[in-house]
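I opened a fresh page for this one and kept the notes short. Here is what I looked up, in the order I went through it.

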Amino acid sequence: MSALAAKHGAINLSQGFPDFDPPAPLVRRVTHHLGTGRNQYPPMTGVPQLREAIAAKLRDLYGVHVDYESEITVTSGATTALFCAVQALVRGGDQVIVLDPAYDSYEPAVTLAGGTTVHVPLLAPTFSIDWDRLQASLTDRTRLIIINSPHNPTGALIDAADIDRLAALLRPFGCFVLSDEVYEHIIFDGKPHATVLAHPELAERSLAVFSFGKTYHATGWKVGYCVAPRALSEEFRRVHQYVTFATVAPIQYALADYLSAHPEHHLGLASFYAEKRDLFARLLGGSKFRVTPSRGTYFQLADYREISDLPDTEFARWLTIEHGVAVIPISVFYETAQSAGFVRFCFAKQPATLEQAAARLVAL
């Protein structure tokens, strides 16, 4: 969709990246470390300063105490971390449960590991977990369940009660949990982020993945990390060392500096993006799109069925080519492509970008 947007000169609200820069002091720290000899291989697991800063953040936000040496691994983006986690755990014949609509990197990683992906649809329109169907999908062959909160593409949340219920559901089984928490700081309306790391029972069998790119408006830097108990981290690192080995050094040092010195950035991120969410919702108020404000992430679902009865893939192409706004069709996040009448907008944009896009959408 980004390529289609570029081809037709459309406003790109499809792919999930901001159209504004990372914080200027953070960029200056990158420049500083580029000029002070931080340009050779860092440790495979990540520079100690950054892993210590991550451990401090987890303690301060969630009351989670992890060993930065043995339980935190810095990776070249969260997608790399997700891939390494799957490759570390999944073997031929294993089953992996994903909750549809699901981020599109999960299943290919499972397939490459020789596993089989079992798709359990979330319950539209709230996109909450269908607990009965999830329970029915668990078997002795279930090796891993992948969860994602805040959820891409829907913005739905898994709360603390859901985490408790998942722990109880998995108690009879020996499977693991891979928790995609890359939008941890972008949750709205005063809701807290519920991490598997804060649940003592689930933390023992979970790997949690996070993203600096989402937090610091720097998706192109591709820096993320995985947090897991020592034994799981050891298996994770056995894969990681042969995938990318290490992540770009000067950016790691810069992130360590900024994360420690400026916690107000991640603490204020929800308010920052809530303003954009609310602005975009107001701008669409005069349109035929039906919007329920996103609960998390910088994505907004919109029901377009009052505008068109086209399948969502065709509607997305039509909207991009004919009306100059690029979006993502939701059906591509499902096992079997099926249009539910929703498309996904990215509102991580400057106000002027959102206003220009909304003017075109209201005119439909």
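Which residue in β6 is the bridge partner of N148? I looked it up, and D180 is the partner. A reminder to myself before going on: this is a predicted model.

**Entry 1: around β5**

I stayed with β5, which covers residues 142-148. I checked its burial and found seven of its seven residues buried, so I noted the strand as mostly covered. On one hand, β5 pairs with β6 (residues 176-180) in parallel, through five bridges. On the other, β3 (residues 95-100) runs parallel to β5 and is joined to it by four bridges. For a concrete contact in that second pairing, I picked V96, whose bridge partner in β5 is L144.

I then followed the chain from β5 to β6. Helix α8 (residues 160-170) goes with these two strands to make a β-α-β unit, and I wrote down its hand as right-handed.

**Entry 2: the largest pocket**

Next I turned to the pockets. The largest holds about 660 Å³ of space. I counted 31 lining residues, and those closest to the pocket centre are Q15, G16, Y103, N152 and K214. Which elements supply at least two residues each to this lining? My list reads α5 (78-89), α10 (212-215) and β11 (328-329). Of the elements, α5 gives the most, with three residues. Sorted by class, the lining has 14 nonpolar, twelve polar and five charged residues.

**Entry 3: the second largest pocket**

The second largest pocket came out at about 500 Å³. It is lined by 31 residues, and closest to its centre I find P125, T126, F127, T154 and A156. Two strands from my first entry turn up again here: β3 and β5, along with β9 (299-303), give two or more residues to the lining. The class split is 19 nonpolar, nine polar and three charged.

**Entry 4: cysteines**

I searched the whole structure for disulfides and found zero. Why does C226 not form a bond with C84? The closest cysteine sulfur to that of C226 is the one in C84, and at 8.7 Å it is too far for a bond. The cut-off I used is 2.5 Å between the sulfur atoms.

Are C226 and C346 buried or exposed? I have C226 as buried because its relative accessibility is 2%. C346 is buried as well, at 0% relative accessibility.

**Entry 5: A78**

I also looked up A78, which sits in helix α5. Its relative accessibility is 9%, so I put A78 down as buried; the limit for that is under 20%. I then compared its place with that of F280: the two are 202 residues apart in sequence, and their C-alpha atoms are 27 Å apart in space.

**Entry 6: a three-stranded sheet**

Last, I traced an open sheet of three strands, in the order β9-β12-β11, with antiparallel pairing. Why is one side of β9 and of β11 left without a neighbour in the sheet? Both stand at the edges and have a single partner strand each, so one side has no neighbour. I looked at one of the pairings more closely: β11 and β12 (residues 342-346) are antiparallel and share two bridges. I noted I328 as an example, with R344 as its bridge partner in β12.

Notes:
Residues numbered from 1 in each chain as written. Predicted model: local features only at pLDDT ≥ 70, side-chain atom pairs only at ≥ 80, totals over all residues. Heavy atoms only, no water. Buried < 20%, exposed > 50% of the residue type's maximum accessible area, 1.4 Å probe, protein only. Pairing = 2+ DSSP bridges. Right-handed = clockwise from strand over helix to strand, strands pointing away. 1 Å grid on protein atoms, 1.4 Å probe; cavity = no way out; pocket = protein on both sides within 12 Å on 5 of 7 lines; lining within 4 Å. Points joined across faces, edges and corners; volume = space filled by probe spheres on them. Nonpolar A, V, L, I, M, F, W, Y, C, P; charged D, E, K, R; others polar.
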